[in-house]
Amino acid sequence: MIRKLPLKIVFLFLGFLINVPTMVAQVLMKEVSFEQQIENSTLLIEGRVLSKESFWDSERKNIYTLNRIEVYKVFKGELKKTVDVITHGGVVGLRAEVVSPSLSLNTNDIGVFVLHNNDVNLESKTNIKAYKPYSSSQGFYKYNIEQDVVRNPFNKTKGITSSFYDKIIALTKADYINVDDFDVKEKQREFLQKKSFRPPSSITFTPTSITAGTKSVLTINGSGFGATKGSVGFSDADEGGSEFYEALDTQILTWSDTQITVEVPSKAGTGIIRVTDSSNSSADSNDILTVSYSEINIISNQATQGPNAGLDVAYQTRHVNDDGAGGYTWQMFTGFDSNTLAKAAFLRAFETWRCESGVNWVIGETTNTNIIAEDNINVIRFDVGDELPDGVLGRCTSRFGGCFANGNTSIDWFVNELDIVFNDDPDSSQSTDVMETWNYGTGASSGSEYDFESVALHELGHGHQLAHVIDSNSDVMHFTLFNGQDQRTLGANNILAAADVHSRSTSGPVCVVILPMTDYAGTCGLSVDDNTIEEGISIFPNPAKKEFFIKSAYLNLDKIEIYDVSGRLVSDISISEAVRMKAINMHHASKGVYFVNIHSEGRFITKKLILD
């Protein structure tokens with residue numbers, strides 16, 4: 001096909017300017033038990049990350065990072081002093097790939113690695129025997145030595161030597177072998193000796209609700225921060241808040257002993273924040289920062305001019321006119337297309353996004369391509385064999401192009417390709433004794449089912465450039481999905497985030513000659529029956545003072561959710577009795593614009609309310 005021709009001509013024209021990295025985002029996960037991880041591991045070690053280096057695979061389709069691990073203990077497998085662990089993503093020259101929340105390691109990370117044999121061949125590293133983490137990011141149990149805690153995305157254990165070692169030994173039925181003289185308790189004593197005399201304390205912040213990956217600035221007040229810049233950590237949404245994700249140095253705008261201003265990074269989720277001073281002393285906030293939504297960023301150090309030259313900088317992304325018709329053309333692999341139930345569930349999610357935001361996505365002809373790679377095909381498919389790690393339900397890959405801007409001081413990034421792959425066997429992790437299957441229908445999922453439409457809605461959200469949040473109860477962009485859980489509707493925060501991305505995607509050209517996305521122009525909206533029902537639901541008076549009413553002419557009201565313009569949930573009302581009119585008290589709310597989500601017997605609509 002030649003649907004990419006207009007954009008590829010642009011790339012040839014701008015070849016000296018444009019970098020075409022890829023960013024894979026993101027993975028929707030379910031928990032894999034520790035017992036299963038140990039049983040399926042080839043090598044189980046305690047160690048520290050010494051170094052990282054990224055490479056293309058031998059076919060130059062994807063990028064991987066080779067992490068060199070210094071081994072402290074071997075709990076299972078071959079005795080080694082160092083081990084190479086391959087993880088998804090990385091940066092090679094002017095190309096990059098980020099897979100989140102698959103395992104992403106940092107130099108000097110310490111913990112237990114659950115590994116199995118690697119099947120990826122790296123370009124120029126074909127003779128290296130490397131391993132890969134079992135069950136993606138769940139395969140690394142990171143130590144917080146100062147607090148004596150071990151965490152992975154789903155579990156937390158207090159007591160590294162007193163509890164976690166024993167837990168492993170009980171499953172391996174063998175004692176560990178010491179390879180290096182590493183003592184957790186001695187490291188804890190070293191931390192105490194290095195603590196500053198006046199560590200950070202009394203941490204407060206404004207605002208208390210914010211968005212992430214949008215260059216929104218948080219002001220942190222307190223004491224003992226020191227005169228030298230340290231770091232600010234946010235609850236990591238990719239890990240469900242089990243770890244802290246530190247803002248880039250370039251995102252910390254100001255730092256004094258009593259106040260810090262920082263841009264909230266893309267991976268930040270709802271939770272506490274942590275301030276660490278230059279001597280590595282840290283303190284956590286007592287209050288929770290609410291992150292209403294987050295957008296994907298690309299982190300690049302390619303700028304060659306200005307104060308951030310050579311430094312890691314977080315950049316926002318956007319859509320463009322990729323297919324020459326105003327947006328992106330997706331293609332279903334023939335095997336996916338033939339699964340009529342999966343196709344129907346995917347199309348329901350597909351329609352939800354473009355009808356809510358206007359994103360210009362269309363479905364084109366089927367394709368025989370059955371891989372995820374840089375091939376100019378926006379493919380929708382099931383995985384082959386164990387392509388997706390155990391515990392991973394789906395993954396969306398976004399690939400980007402970029403060009404230098406503002407005198408080479410920054411980079412403009414745009415989506416160049418989108419791919420989605422689903423796990424063909426949600427029971428593959430065997431994490432329970434119950435056979436788990438997909439629910440492709442519109443009925444409620446049972447306790448043994450994962451809802452396909454919910455997973456598709458989540459992965460398409462990443463294609464729309466939304467990142468993860470921490471809200472397992474009501475947000476489709478939460479990083480994990482439980483069996484029996486259905487998330488088939490977009491909340492006000494999802495819609496606000498999508499509107500923000502779409503606004504800049506349609507605002508004008510990028511890289512001088514690449515045209516912006518246009519609004520989806522196809523038929524979109526409710527059926528006649530649904531239109532009748534929506535017209536029958538009203539809120540009055542509007543504008544209102546301190547009270548308003550919701551009235552439904554046809555169906556009973558089930559639940560009311562009210563959000564402010566920042567996406568913060570200000571009221572959540574469940575209605576147990578069968579009623580078609582409900583009075584809502586808003587005495588606690590300030591004047592302004594609000595979004596009211598009205599749930600009515602399986603239907604869901606949003607109406608705007610003004611308080612004056």
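This is a short exchange about one sheet and one pair of helices in a predicted model.

Modeller: The model is predicted, with pLDDT of at least 70 needed for local features and 80 or more for side-chain atom pairs, while totals for chains, interfaces and linings use all residues. Residues are numbered from 1 along each chain as its sequence is written, and side-chain values use heavy atoms, leaving out hydrogens and water.

Biologist: What makes β19 and β20 a pair?

Modeller: Strands pair if DSSP finds at least two bridges between them, a strand being a DSSP run (E, at least two residues), numbered from the N terminus. Three bridges join β19 (residues 268–276) to β20, so the two count as paired, and they run antiparallel. At one bridge, Thr276 has Ser282 of β20 as its partner.

Biologist: Why are β16 and β20 at the edges of the sheet?

Modeller: The open sheet has four strands in the order β16-β15-β19-β20, with antiparallel pairing. β16 (244–246) and β20 (282–284) each have a single partner strand, so one side of each lacks a neighbour in the sheet.

Biologist: Why is α6 called oblique to α7?

Modeller: Angles under 35 degrees count as roughly parallel, over 145 as roughly antiparallel, 65 to 115 as roughly perpendicular and the rest as oblique. Helix α6 (residues 340–357) and helix α7 (residues 452–463) pack at about 45 degrees, which makes α6 oblique to α7.

Biologist: How do you know that Ala342 and Phe346 are among the residues of α6 that meet α7?

Modeller: Contact means heavy atoms within 4.5 Å. Ala342 and Phe346 are among the α6 residues that meet α7, where the residues met include Phe452 and Leu460.

Technical notes:
Axes are lines fitted to C-alpha atoms, for helices over the stretch in contact, and angles run from 0 to 180 degrees between N-to-C directions.
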